[in-house]
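Here's a quick tour for anyone who likes pockets and disulfides. Have the sequence and the fold open while you read.

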Amino acid sequence: MKSGPAELFKSFRKIVLPILTLLLLLKITFSSFDTNTYSLLQNIESLPINHKAITQLLSPGITNNSEKTGEKQQLCNIFVGKWVPNPKGPYYTDETNCVIDDRQNCMKYARPDSDFLHWRWKPNDCELPLFDANQFLEIVRGKTLAFVGDSVARNQMQSLVCLLSSAAIPIDVSETPDTRFRRWLYKDYNFTIMALWSPLLIKSHETDPSYTLMNLYLDKADDAWASQVDKADIVIISGGQWFFRPFLYYENDQLIGCYLCNDKNVTKQSHFYGYRMAFRTAFKTFLNLKKLKGRLVMLRSFSPAHFENGDWNNGGNCNRTRPFNNQEMKLDGYELKMYMTQLEEFKAAEREGRKRGSVKFKLLDTTEAMVMRPDGHPSYYGHWPNEKQIPDCVHWCMPGPVDTWNELLLATLKMEGDGFIQR
């Protein structure tokens, strides 16, 4: 008996349509991230920005395990969340056996409030594990970790040394008396921490001692870190506040533009242009290193300042004593633009690293968490008493919210799993 049109349609709905739907879903799943995400980032200036959605696309996550069932649930984005009260307080104090720069030693210089010490970062869909110094040292056994960047990068490095002090005290094996270039060796773990001072990441030259105008060579990495970084297994690179000063921009040793210069014959560029090119050149430097296999390069994202009532030199301050919540503060304006500029260059480098099967790039996305912490800066309580009192709303008190960066660092290294630990 022949099938009529009704029976054929039923068969199509039951058999063929589900198969076509499954094939379509599979195609979307495997193709959407690389094409759609990259396209979104490339056109970010012309699109309305949903910061949280972009962060969820780019940030790694940890698996949220159910305590009741033991079953693995969805991946959790550890970089999207809120600050919650933490009555236990910090991991260390200003009297712990570690180096805290006096400019960030808020308690030593009598900051009158202590509430800023009693908050923890809470991801929306999981708990961020506490920092475990012994676990961290086991993960990095036999490796070298380099912090490349400015004094905020050094801020994170000193936080890590203080966090590790509960398990081990390093010895100073620095090759220079310049404290901007420190090396700490954890002898029992054959683990070294390097601080490589490079606030602009690329070659620069001041045209006068006052730093009022600097030459910035956009296509040349700063040799201060580029000549040393091949010794590192893990590199955390960052930068931000130095890019707001006046610059003359050079490419191929030719003047191609400037930022905040008075020469009418030079093409005017924004500071975002110099910032973009600095990270592009830095990431290319990593990709072109001879020893690539097994190296992990982490971008620690833009660290916001919190000056209110003026700038640093005309009455600005940061006197708040509590974090903002998600409704009170969002990443926007120039800070969002700095953050997105970094992410665009990071994604391009990450794609190239995957294509080459060599250096691995990871995002340490601290920006959303820190934009909500106006209370975490030294303000007037981190400077030596005999100094002119200038509020510091850029660096972070130690102990303080900067310690969260290293909680996130440990969580990210754990996400790399045994494959990283055994390299």
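What follows goes through the pockets, one hairpin and the disulfides of this predicted model.

## The largest pocket

Start with the big one: the largest pocket has a volume of about 1,000 Å³. Its lining takes in 26 residues, and if you want to find the centre, look for Gln241, Arg245, Phe307, Trp312 and Val394, which lie nearest to it.

By class, the lining splits into 12 nonpolar, 7 polar and 7 charged residues. Helix α4 (residues 151–164) supplies the largest share of that lining, at 3 residues.

## The second largest pocket

Next comes the second largest pocket, with about 280 Å³ of space. There are 19 residues around it, and those nearest the centre are Asn86, Gly89, Pro90, Tyr91 and Arg120. Two elements, β4 (119–123) and α9 (403–421), each give two or more residues to this lining.

As for chemistry, the lining of the second largest pocket counts 10 nonpolar, 4 polar and 5 charged residues.

## A hairpin with a cysteine in it

Now to strands β12 (residues 247–251) and β13 (residues 254–259), which pair in the antiparallel sense over 5 bridges. Just 2 residues sit between the strands of this hairpin, and Asn252 has a positive phi near 55°.

Across the pair, Leu248 in its strand faces Cys258 of β13. Cys258 also turns up in a disulfide, with Cys261 as its partner and 1.8 Å between the sulfur atoms. That link is left-handed, with -55° about the S-S bond, and both Cys258 and Cys261 are buried.

## The disulfides

The count comes to 5 disulfides. Number the bonded cysteines in sequence order and the pairing reads 1-4, 2-5, 3-10, 6-7, 8-9.

Take Cys76 and Cys126, joined with an S to S distance of 2.1 Å. Their link is left-handed too, at -65° about the S-S bond. Cys76 sits in strand β2 (residues 72–77) and Cys126 in the loop between β4 and α3 (133–139), so this pair ties together parts 50 residues apart in sequence. Both Cys76 and Cys126 are buried.

Then there's Cys318 with Cys393, where S to S is 2.1 Å. The torsion about this S-S bond is about -95°, so the disulfide is left-handed. The pair links distant parts of the chain, 75 residues apart: Cys318 is in the loop between β14 (296–300) and α7 (333–356), and Cys393 is in the loop between α8 (367–371) and α9. Cys318 is buried, with a relative accessible area of 4%, and Cys393 counts as buried at 0% relative accessibility.

Notes:
Residues numbered from 1 in each chain as written. Predicted model: local features only at pLDDT ≥ 70, side-chain atom pairs only at ≥ 80, totals over all residues. Heavy atoms only, no water. 1 Å grid on protein atoms, 1.4 Å probe; cavity = no way out; pocket = protein on both sides within 12 Å on 5 of 7 lines; lining within 4 Å. Points joined across faces, edges and corners; volume = space filled by probe spheres on them. Helix = DSSP H or I, 4+ residues; strand = E, 2+ residues; numbered from the N terminus. Nonpolar A, V, L, I, M, F, W, Y, C, P; charged D, E, K, R; others polar. Pairing = 2+ DSSP bridges. Disulfide = S-S within 2.5 Å. Buried < 20%, exposed > 50% of the residue type's maximum accessible area, 1.4 Å probe, protein only.
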